[in-house]
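Please open the model in your viewer and keep the sequence panel beside it, since this tour moves from one selection to the next. At each stop, select the residues named and look around them before going on.

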Amino acid sequence: IARLKEAFDLRRDKDFLHRIVETIESGIQFRGVNLYILIFAILICSLGLDINSTAVIIGAMLISPLMGPIIGLGFALGTTNWDLLLNAGRNYLIATALALTTSTLYFLLSPLDLEQSELLMRTQPSIYDVLIAFFGGFAGIMATSSKLKGNVIPGVAIATALMPPLCTAGFGLAEMNTTYLFGALYLYIINTVFIGMATFLACRLLRIPVKQTEPENINKAKKIAGTIALVTFLPAVYLGFNLLQKTRFNNNAKSFIEQACVLEDNYLFSSKVDFDHKTIELVYGGGDISDSTVQMILSKKDQFNLQKANIQINYQKRIKQTILGIEKTNL
């Protein structure tokens, strides 16, 4: 037990306080080189979303300096350093505005104008994104406060994905698509808040000294962090529940189609599952489908927890005859 406690002891690897503060303050500032790096990272990430390249997007996240002011916000709250909080907040807003402007201009000028899968992934945040940001924030501040920095910060930048949501928001702004704009911005806010929240809690766990020792200031910092986290968290719970329901419905529908909708004399040409309208559309080719066969298919939907689903069955006799003609010719 003693060895186990020693293995998990954070104080042994903790860096000196002045070095931790210097590291965080140096990552907060957005001027000179940092501004250019941010612009280039946004352009690279926008290109990656435009051509649907995961590798390019990851490269943009690796060089992005956005993590600095976010960790600075959490650290400032955790240590009740109000000057640092204002400085980090100001630079965070500058970086966000610049990134959003750059990505919007790119998508306004881009000739592709395609809604790729990598872009669509950033428009529907959920509670899972909260957990990713929270654990990523812990890893980030642990590495920042350690003597052995390692390569944790780039990994956290990839895991929490700050750049793609901002670029997706720029796409939504360029296309005047409010669903994409607000969905992506909410994901960005989730990442920001819970990276900062994890940093705030890690400061207490690492016992980093506070600057304002008065109890009212400490309680004020706790209230600010708790309120922001709660307001951000609640919509994510609803979206996460909705995502879970959608995944279950789609999986049940897939099993239903594969196991209950196969007919001997008819070929299933296509199937379409719509979670929003709770419909499953089946298109068959071949002879007429009798009412008894239709009822047989419908009676099986309860076995797959699809009681509320509306099953639409269409069949096309002419298509079946054409296929039989091709098959006969080939034989």
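The model you are looking at is a predicted one. Begin inside, by selecting Ala202, which you will find in helix 11, the run of residues 178-205. Is Ala202 buried or exposed? Its relative accessibility is 0%, and because buried means under 20%, Ala202 counts as buried. Now add Phe138, Ile141 and Met142 to the selection, for these are the residues that Ala202 contacts once its neighbours within four places in sequence are set aside. Then select Phe75 as well: although 127 residues separate Phe75 from Ala202 along the sequence, their C-alpha atoms are 8.6 Å apart in space.

Next, move to Asn81, which sits in the loop that runs between helix 5 (67-78) and helix 6 (82-109). Although Asn81 belongs to a loop, its relative accessibility is 13%, and it therefore counts as buried. If you leave out the neighbours within four places in sequence, the contacts of Asn81 are Ala76 and Lys211, so select those two residues beside Asn81 and look at them together.

Finally, turn to the surface and select Tyr36, Phe40, Ile44, Ile58, Leu62, Ile63 and Ile158, which form a nonpolar patch with about 600 Å² of accessible area together. Which elements give two or more residues to this patch? They are helix 3 (33-51) and helix 4 (54-63). End with Tyr36, a member of the patch that lies in helix 3; with a relative accessible area of 54%, Tyr36 is exposed.

Methods: Residues numbered from 1 in each chain as written. Predicted model: local features only at pLDDT ≥ 70, side-chain atom pairs only at ≥ 80, totals over all residues. Heavy atoms only, no water. Patch = residues over 30% accessible without salt bridge, like charges linked within 9 Å, V, L, I, M, F, W, Y side chains within 5 Å. Areas by Shrake-Rupley, 256 points an atom, 1.4 Å probe, with all protein chains shown as cover. Salt bridge = Lys/Arg side-chain N within 4 Å of Asp/Glu carboxyl O. Helix = DSSP H or I, 4+ residues; strand = E, 2+ residues; numbered from the N terminus. Buried < 20%, exposed > 50% of the residue type's maximum accessible area, 1.4 Å probe, protein only. Contact = heavy atoms within 4.5 Å.
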